[in-house]
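Colleague: I would like to learn how to read charges and burial in a model like this one. Could we go through it feature by feature?

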Amino acid sequence: MKMNFIEDLKWRGALNQITDEAGLLEAMASGKVGAYVGTDPTADSLHLGHLIPFMVLKRFQNAGGKAVIIIGGATGAIGDPRPTTERQLLSSEQLAENEKGITAQVTKLFGDNDTRIVNNNDWLGQLTLTDFLRDYGKLFSINVMLKKDVVASRLETGISFTEFTYQVLQGIDFHELWRREDVKLQIGGSDQWGNITSGIDLIHSLEGNEAKAFGLTIPLMTDSTGKKFGKSEGNAIWLDPKKTSPYTFYQFWLNQGDADVVKYLKYFTFLGSEEIDDLAEAVATNPGERLAQRRLAQEVTKFVHGEAAVKEAEDLSTALFSGNVATLSAAQIADAFGGVPSFEAANTVKNIVDFLVDGGVEASKRQAREDVANGAISINGEKVTDVAAEINPLSHYDGQFVLVRRGKKKYFLGKIK
RNA sequence: GGGAGUGUAGCGAAGUCUGGCUAAACGCGACGGACUGUAACUCCGUUCCUUCGGGUUCGUAGGUUCGAAUCCUACCGCUCCCA
C-alpha cells in the first residue's frame, strides 16, 4: 500500500505541525507545486541537524513535488534569533566562504534536474530600506511579532532590532518563492514554525486569503536518552568529508543503539515500510547482528558521500576491527586509512609519550602516560604498555606511516615527513 | 543613583563565618579499562601541568599572616530589588 507524502511523514514520525493537511494534499494533487527549505550559512558546512529538513524535502520531491533550497546569504547576515542570547554577526568574508561551502554541499545532495538552489541575497540584498518599510513593514503587526515564541522568550533577556526583524525577512523569502517558483510549502524544524507562519501570513496579505501557502515542521530529534541528536563525543557530525571523514560518518550511524536505530531508519533513509519493518524485526530477534545499524550506515553514507565512500568506509572498518593491521602493506594503509585523522611525524626514534603528545594523539604527557600504562595504546597493531618505550617511525609500512590506536577504536595515522 | 547578592577546575556545585589536615568534596561530562554485539546497562580507574624533585591555580591587582579559595582594600564582571 502506497502512502501519500503526509501519511509517509507521519509513519516516519517526522511530522510535528502542519498548517492545512487536506489543503496541501489537494494542492499537490492538482499539479506540480514546490516546497522549500532554507538554510543560513552560519558555518562552512552543514551538519546532521541540517539533514533532517532536507530529507523531508527530498521525500516531497520523490512524491512528485519540486524542491527549492534557499541559501540564506541575506538572512545569515542578520541571524535567526536563538531562544537565549543574541548572535555574533559573521564577517562578510566568513559569510561568503560559508555560502560557498554550503552551496556546494547542497548541490551535491540535491543537484539534479528537479531542484532549484537560490540565494535570498538576490532579492533581499536589492531591497532598499524605504521599500522594505513601505512594501512589507506595513503588513507586519508588531503585536503578532512579539508573540512568536522565540521573540517572547527573548523579551526577558533582550533582543536587538536586527534579530527581531528576521521573521520578516524569512516571510519575504517565502513570498518571493511563492511568486517566482510556485512554492506552496515551507519545511523546517519545529523552531521554524513562527518564521514559517510569518511567511504564510505575508503571502495572504499580498496575494489574498485565497492564496495557497502551507507550512510543515519536523519534531526535534533526540536519542532514546533524551539527548540532542547528532553529536559524537561532543563533536558535531559534519557533512563535509574534510571535517568529518566518511569513515567516521559511517561509524556514527553504525554505532547507534538498538533503541534508536529504527527511528533513524525512518528519518534518514528512503527505505520503505516493509523493509524497515523487516529490519526492526531483525533488531528484536538478533540485535547482535546489527543488521539495521549497518543498513542505516550504508544508506545515509551513500546519500551524503556516495556509493564509493560506503565501500571505503566498510573496507576500512573491516581492516580496523577484524584484520591484523600489522600485516597490511604501505599501499593498503595509504588507500584504506585516508579517512582517519592524521598527523605528521618526524623520521627519528622517539619516546612513546613524546610521540603521542607531539602527534596530537594525546593532550598532555600525563594523559599519554596514563593511557600507555592502561594498555590503551597500540602502535602498528602492537600494544605498547611501557612508558619508556621508544618508537621507531620507520619500522613498518616502508617507513611511510605509523598507525596509532588509542582506546578500542580511535585510530590516528602518522605520516612520516 | 540607592540596596542585596554573586564570581571556585570542561560544566554544575561545596568549601569562605571558625586561615594550615585543600590541587580543592560531590554530581555531570570527558578519557581509559572490564563485560559485550565495534552495543546499551553495570562495574573499575583517571580527569591542572610536570624533567615526578616539584610547579602554577579558586574573577583581577594589592595587603595582613610563618601560612589565604578562606581575613582586609581597590578594581572588573554577572544577578536581583528599589529609583
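Modeller: Start with charged patches: they are made of residues with over 30% relative accessible area and no salt bridge, like charges being joined within 9 Å. Keep in mind that this is a predicted model.

Colleague: Which residues form a negative surface patch here?

Modeller: Glu 274, Asp 277, Asp 278 and Glu 281 form the negative patch on the surface. Asp 277 sits in helix H15, which covers residues 273–285.

Colleague: Is Asp 277 buried or exposed?

Modeller: The general idea is that under 20% relative accessible area is buried, over 50% is exposed, and anything in between is partly exposed. Asp 277 has 45% relative accessibility, so Asp 277 counts as partly exposed.

Colleague: Which residues gather in a patch of positive charge?

Modeller: The positive surface patch brings together Arg 290, Arg 294, Lys 408, Lys 409 and Lys 410. Of these, Arg 294 belongs to helix H16, residues 291–305. Its relative accessibility is 31%, so Arg 294 is classed as partly exposed.

Colleague: Now salt bridges. What is the idea, and how many salt bridges does the count come to?

Modeller: Side chains of opposite charge can pair when their charged atoms come close. The cut-off applied is a side-chain nitrogen of Lys or Arg within 4 Å of a carboxyl oxygen of Asp or Glu. By that rule there are 15 salt bridges.

Colleague: Glu 275 forms a salt bridge with which residue?

Modeller: The partner is Arg 295, and the closest N and O atoms of the pair are 2.3 Å apart. This pair links distant parts of the chain, since Glu 275 is in helix H15 and Arg 295 in helix H16, 20 residues apart. Glu 275 is partly exposed at a relative accessible area of 32%, and Arg 295 is partly exposed at 23%.

Colleague: What about Asp 354 and Lys 365: where do these two residues lie?

Modeller: Their side chains meet in a salt bridge at 3.3 Å, N to O. Asp 354 is in helix H19 (residues 352–358) and Lys 365 in helix H20 (residues 365–373), so the salt bridge ties together parts that are 11 residues apart in sequence. With 26% relative accessibility, Asp 354 counts as partly exposed; Lys 365 is also partly exposed, with 43%.

Colleague: Is Lys 184 buried or exposed?

Modeller: Lys 184 is buried, because its relative accessible area is 13%. It pairs with Asp 182 in a salt bridge whose closest N and O atoms are 2.8 Å apart. Asp 182 has a relative accessible area of 34% and is therefore partly exposed.

Colleague: Which residues are linked in a network of salt bridges?

Modeller: Lys 66, Arg 116 and Glu 181 are linked in such a network.

Colleague: Let us turn to an uncharged side chain. What does the side chain of Thr 269 reach?

Modeller: A polar contact is a pair of N or O atoms within 3.5 Å. The Thr 269 side chain reaches the backbone nitrogen of Leu 271 at 3.3 Å. Thr 269 is placed in the loop between helix H14 (258–268) and H15. Its relative accessibility is 1%, so Thr 269 counts as buried.

Colleague: One last case. Where is the place of Gly 188?

Modeller: Gly 188 is in strand S5, residues 183–189, and counts as buried because its relative accessibility is 5%. Gly 188 and Pro 219 are 31 residues apart in sequence, with 9.4 Å between their C-alpha atoms.

Technical notes
Residues are numbered from 1 along each chain as its sequence is written. Chains are lettered from A and ligands numbered from 1 in the order in which they are written. This is a predicted model: local features need pLDDT of at least 70, side-chain atom pairs count only at pLDDT 80 or more; totals for chains, interfaces and linings use all residues. Side-chain values use heavy atoms; hydrogens and water are left out. Patches are made of residues with over 30% relative accessible area and no salt bridge: like charges are joined within 9 Å, nonpolar side chains (Val, Leu, Ile, Met, Phe, Trp, Tyr) within 5 Å. Accessible areas come from the Shrake-Rupley method with a 1.4 Å probe; for residues, only the protein chains shown count as cover. Lys and Arg count as positive and Asp and Glu as negative; His and the chain ends are not counted. The place of a charge is taken as NZ of Lys, CZ of Arg, CG of Asp or CD of Glu. Helices (H or I, at least four residues) and strands (E, at least two) are DSSP runs, numbered from the N terminus. Buried means under 20% relative accessible area, exposed over 50%, partly exposed in between (1.4 Å probe, protein chains only). A polar contact is a pair of N or O atoms within 3.5 Å; within protein, one must be able to donate a hydrogen and the other to accept it, and residues adjacent in sequence count only if both atoms are side-chain atoms.
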